[in-house]
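Biologist: Could you take me through one part of this model up close? I'd like to start at a helix end and then see what else is worth a look.

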Amino acid sequence: MLPVRGRDGRATRAAHILRVRTAWTPVGDGEFYCPGCGGDRNYQRLTGRRRLTLLGVPLLPRGTAGPVVECAACRHHYGTDVLDHPTTRRFSAMLRDAVHTVALAVLAAGGTSSRTALETAAAAVRAAGFDGCTEEQLAALVDALAADTGRVLGAECGTSLTIELHEALDPLAPHLAPAGRESLLLQAARIALADGPYTPAERDALTTVGAALTICADDVTRLLAAARTPS
Ligand SMILES: [Zn+2]
């Protein structure tokens, strides 16, 4: 029995002395949303080289490790796919831009002659974070947009707005919960309804908003109907 115990002891001691250690080298940095801390933090992007060490002295290379992302606050390591998630700051900016673009699209479809539609739109844009947004600013933007696209071709107006909507909403949609996507469409619907029932052009614009938010057609129809029922 004794020799066996002795061999085990040597093996355990050897494992303590002989180790694979990773030396990390910073290759970049930035700000990210740390899932460990649950907030915006600085990070370092690291690549590693593994080495077999004897009593801490490197003996043999054992390949590369990483790249990983290290949180400056909690020091946890994550795969680089963690950078696909926008920071809270970036997410707020995307949401603010999305509400602004959606409001412009609905106003462009319904016209800027209705004061109540402009007021509803400006209130939504201000609530999203553009504190100084006024009815006049929105009206001027919509008129400029109409003049700009009208100069090219009347029929292309819808196309250019569709592109604008997709640019604002496509990067945002995957990071929004279903309730968040629906709330954005309902906000747009309320702007359209502020001056009366949906016009065909408004319905088209709202359908485009719904599609860009990856809400299925049936749900878009249901939500547009629900928005018409005063709560
Ligand atoms: Zn962290």
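Biologist: Which residue follows H2, and what is its phi?

Modeller: That's glycine 111, and its phi is positive, near 90°. Bear in mind that this is a predicted model. The helix before that glycine, H2, runs over residues 88-110. With 23 residues, H2 reaches 33 Å from its first C-alpha to its last, close to the 33 Å expected at 1.5 Å a residue. As for what H2 tucks away, its buried residues include Ala93 and Met94, and then a run from Ala98 through Val99, His100, Thr101, Val102, Ala103, Leu104, Ala105 and Val106 to Leu107.

Away from the helix, have a look at the zinc ion. Its protein donors are the SG atoms of Cys34, Cys37, Cys71 and Cys74, lying 2.2 to 2.4 Å from the metal. Angles among the four donor atoms are 103 to 113°, and the site is tetrahedral. For comparison, the ideal angle for four tetrahedral donors is 109.5 degrees. Along the chain, the donors follow the spacing C-x2-C-x33-C-x2-C. Cysteine 37 and cysteine 74 link distant parts of the chain, 37 residues apart: cysteine 37 sits in the loop between E1 and strand E2, cysteine 74 in the loop between strand E3 and strand E4. Cysteine 37 counts as partly exposed because its relative accessibility is 29%, and cysteine 74 is partly exposed too, at 27%.

Strand E1 (residues 18-34) also holds leucine 18, which is partly exposed with a relative accessible area of 40%. Leu18 joins Leu54, Leu55, Leu59 and Leu60 in making a nonpolar surface patch of about 470 Å².

How values were computed
Residues numbered from 1 in each chain as written. Predicted model: local features only at pLDDT ≥ 70, side-chain atom pairs only at ≥ 80, totals over all residues. Heavy atoms only, no water. Patch = residues over 30% accessible without salt bridge, like charges linked within 9 Å, V, L, I, M, F, W, Y side chains within 5 Å. Areas by Shrake-Rupley, 256 points an atom, 1.4 Å probe, with all protein chains shown as cover. Salt bridge = Lys/Arg side-chain N within 4 Å of Asp/Glu carboxyl O. Helix = DSSP H or I, 4+ residues; strand = E, 2+ residues; numbered from the N terminus. Buried < 20%, exposed > 50% of the residue type's maximum accessible area, 1.4 Å probe, protein only. Donors = N, O, S within 2.8 Å, 3.2 Å for Na, K, Ca; no water. Tetrahedral: all angles 85-135°; square planar, octahedral: opposite > 155°, others 65-115°. Expected span 1.5 Å × (residues − 1).
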